[in-house]
Amino acid sequence: MSMGAALSSSRGVHTSRRTHDVPQPSAAGTSAAAAQGPAGQSMDAQEVAKFEAMASEWWDPDGPNGALHTMNPLRTQFARDAICLAHGREARTVQPLRDLSVLDVGCGGGLFSEALARLGADVTGVDTSATAISVAATHAQADPAVASRTHYQNATAEQLQQQGAHFDAVVASEVIEHVSNVPEFCASLVALTRPGGSIVVSTINRTNRSYAVAIVGAEQIMGLLPKGTHQWERFITPEELQEHIERAGAERIGDSGMVMNPFTGHWTFSADKAVNYIMSFRKPAEQQRNP
Amino acid sequence: MKGMLPHLSRGQLLCSYGRSLSSAAALDSIYDVAIIGGGMVGSALACALGRSPLTEGLRVLVLDRAPLPEVSTPLGEAPELRVSTLTPASVRLFSEAGAWDDMAPPRSAPFQHMQVWDFGGNGFVRYSAATAGLPVMGYVAENRVIQAALGKRLKQRTDFVDFMSPAVLQSLTLPAYAPDIQAGVQSNTLAEVGLESGQTIKARLVVGADGARSRTRQLADLRTFSWSYHQRGIVATVRTERPNDTAWQRFLGTGPLALLPVRDGYSNVVWSTSVAEAARLEALTPQEFALNVNQALQGGSMPARNPMLPRASSEDFAPPPTVFAAEGAKTQQSFPLALLGSGRYVRPRLALIGDAAHVVHPLAGQGVNLGFADVQQLVDALAHAVETGRDIGELGLLQDMYESPRQQENASMMTALDGLKRVFEPQDGLLASLRGLGLDMINGSSVMKRQIMKYAMGIA
Ligand SMILES: Cc1cc2nc3c(=O)[nH]c(=O)nc-3n(C[C@H](O)[C@H](O)[C@H](O)COP(=O)(O)OP(=O)(O)OC[C@H]3O[C@@H](n4cnc5c(N)ncnc54)[C@H](O)[C@@H]3O)c2cc1C
């Protein structure tokens, strides 16, 4: 897909809410999933529309996704360490994820996918927004090293699951809070992970503080995120997340809060999980016997 | 590890995880880091990148219009005129990069003391390594020795670095700068370096290490600020009456004169002065020139101790040695002095280092050390990028982890050196005595002295 096409399609998203229920063949996506219907769709129609409004600005570090840009190195480190732990690799090396397959669910414009690809992983990024997928594919294209290790598809986790796809690791960052059926979504994440593989989820906690920070602060006062980006009631606590994933058959390995310094925009790991947090899980290897 | 493999297999290795043939072929002609200019600073960057297990996986190119010097001046022969003072921080960088052994004494000279005083006898500062609990304050090495040591080390690392010379930079295309949608979506676009030969090279990061008149800086459209001191520096190789273990610096009415020990018992003079005076000094015979140096070092008044300061905390003033013309040395030469800074050091996929980013007065011997500190910072930034999956040419990374810390540091050094020079210019009256008092206070206060010293030594 050409740059022009990617951009013009993303400009049209305000008025079009069709993409979420008719997954379109994406720029890089050659998968059968793209052609399938919306079965297993867990993304909510309105949620999709909201995100599409942002899609074209995914790669502007000063744009509405600026916070994701600054958070990206931190979540990448967390995922790198979790995946390396599960696969017995040395994390602080050149391309520690080389030759591992990683699924990035809700990849958006591909920020996280590209970082994981630079660490050597073979990344599949899926998103229910066709626009985001074309932005991601367009962006990856310019650097052959990134292009060769990223594959984007306009699909849902559930659709991939139906195809029987499996990955060495599955990540879902800043997406579960937009999902309508959380237990089902979590079950897909686990089902898509190979036995012995890891799952990394990051999201926003449901606390008074997260209400203040994410809704009042980021959306209404600072204008960091467009209004209506998040619905606080949908936020998930670490306990709930752990419960959903463990019920689906993976065990929690570790977690951490992630805190942004509002003055420098710099993110650090923290024991404070009241707002942003990230959690890793491992799917036990013995499940191999009864798939 | 990739860095351990012979050079030829690298392309194949890169191909092995490429998805399609065409992207694998494209990968092969792309460098991670293309360094324009293999001077002391550019070569040091290439060496230092090869030192860390994280960055030695990068594919590095060094290109220069001239071949990399590989041969040092032979020991025993008179040293080259152009020398650099290496701070302990720079020495550490070279040690870690495996290049120090070929620069270490006897190829360079250590010094244990530094003494600064002025022509009016208004005060002095004397620093000793022992005060900071260190064996040496620094080393003086010929630029050619530094270059040769770095060049030799790089030739041993052809597994990870390629050279191209003669290669002259002619054009540079960087990804769009404005943070608009278009630029964002294109931020993966690689930089393209065009050479005079017509060849083009793609890179994820272009590093401009092409010196004070950096073509890279010009092509990237980066603005500079600069002013001339209306002065010239004269360099000469001399002999001293007794072995020299001190970096001497005296502020004369016309500018500072430094006498630095170099290898084999030689010393180097760096004398900054007015254009007219420089022309006169340059025309002298080496013997006459030595006589002028002695007058400048020994003449005027020598500082008296300040009775207000406690004796125990200050080091005594030491008289400088008498110098002689050195047989077999090149005659003294002069060069123009200027201050220059680039407003920005980075752009998407571009970083400037060394003199390409900043040129300071050679006063404190900091010029090239600022460049080596740039190298250290950039290597750290790139190692962080490799570790966290960031694009090594990403503007945000270069800004936060390279430019901003270096610009603060370099700016304060530039103002300090410029300020120091200006303060020392007038020789008479109130200002001079105030200055004299200031110098004495520094000499007396060990805390302040240690701070200044550590700063100058690059370990603060
Ligand atoms: C006389 C003199 C005395 C000095 N004394 C001291 C001192 O005592 N202590 C100190 O610390 N500093 C001193 N300095 C400063 C010091 O020499 C510089 O800081 C240092 O040389 C800078 O190194 P660099 O690698 O950044 O640039 P350079 O040494 O200028 O190297 C630039 C390289 O880029 C190459 N190049 C340039 N343009 C192109 C192009 N278009 N295409 C391809 N290649 C290109 C050149 O061939 C060269 O190899 C002195 C400087 C002078 C002039």
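**Loops, a helix pair and an open sheet in a predicted model**

B:Pro106 sits in the loop of chain B that runs between α4 (88–96) and β4 (109–111). The model described here is predicted, and this loop is a convenient place to begin a tour of it. The peptide bond leading from B:Pro105 into B:Pro106 is cis, with omega near 10°. A cis peptide bond also joins B:Ser165 and B:Pro166, where omega is about 0°. B:Pro166, too, belongs to a loop, here the one between β8 (161–164) and β9 (169–173) of chain B.

Stepping back to chain B as a whole, its secondary structure amounts to 13 helices and 20 strands. The chain has 460 residues, of which 56% count as buried. Among the contacts in chain B with a separation of 6 or more, 79% are made by residues 24 or more positions apart.

One helix pair of chain B can be followed in some detail. Helix α3 (residues 40–49) and helix α10 (residues 367–388) of chain B pack with their axes 9 Å apart, at an angle of about 30°. Since angles under 35 degrees count as roughly parallel, α3(B) is therefore described as roughly parallel to α10(B). The crossing of these two helices, α3(B) and α10(B), is right-handed. On the α3(B) side, the contact is made by B:Met40, B:Val41, B:Ala44, B:Leu45, B:Ala48 and B:Leu49. Helix α10(B) brings B:Val368, B:Gly371, B:Phe372, B:Val375, B:Leu378, B:Val379 and B:Leu382 to the contact. By character, the residues where α3(B) meets α10(B) comprise 12 nonpolar, one polar and no charged.

B:Ala48, in helix α3 of chain B, offers a closer view of this region. Its relative accessible area is 0%, so B:Ala48 is buried. Apart from neighbours within four places in sequence, B:Ala48 is in contact with B:Val375 and B:Val379, as well as with B:Thr55, B:Leu93 and B:Ala97. By way of contrast, B:Asn188 lies 140 residues from B:Ala48 in sequence, and their C-alpha atoms are 25 Å apart in space.

Attention now turns to chain A, where eight strands form an open sheet with mixed pairing. Read across the sheet of chain A, the order is β3-β2-β1-β4-β5-β8-β6-β7. Its edge strands are β3 (150–154) and β7 (267–270) of chain A, each of which pairs on one side only. On average, and with direction ignored, neighbouring strands of this sheet are turned by 20° against each other. At the β7(A) edge, strand β6 (residues 251–260) of chain A pairs with β7(A) in the antiparallel sense over four bridges. A:Gly257 has A:Ser270 of β7(A) as its bridge partner. Elsewhere in chain A, helix α8 (residues 182–191) lies across β1 (101–105), β4 (167–173) and β5 (193–204), and runs at about 140° to β5(A).

Two loop residues of chain A round off the picture. A:Asp99 is found in the loop between α3 (66–86) and β1 of chain A. Although A:Asp99 is not a glycine, its phi is positive, at about 70°. A:Glu174, in the loop between β4 and α8 of chain A, is likewise not a glycine and has a positive phi of about 55°. How do A:Asp99 and A:Glu174 fare in terms of burial, and which is buried or exposed? With a relative accessible area of 57%, A:Asp99 is exposed, whereas A:Glu174 is buried, with a value of 12%.

Definitions and conventions. Residues numbered from 1 in each chain as written. Chains lettered and ligands numbered in written order. Predicted model: local features only at pLDDT ≥ 70, side-chain atom pairs only at ≥ 80, totals over all residues. Heavy atoms only, no water. Axes fitted to C-alpha atoms, helices over the stretch in contact; angles between N-to-C directions. Parallel < 35°, antiparallel > 145°, perpendicular 65-115°, else oblique. Left-handed = near helix turned anticlockwise from the far one by under 90°. Contact = heavy atoms within 4.5 Å. Nonpolar A, V, L, I, M, F, W, Y, C, P; charged D, E, K, R; others polar. Buried < 20%, exposed > 50% of the residue type's maximum accessible area, 1.4 Å probe, protein only. Pairing = 2+ DSSP bridges.
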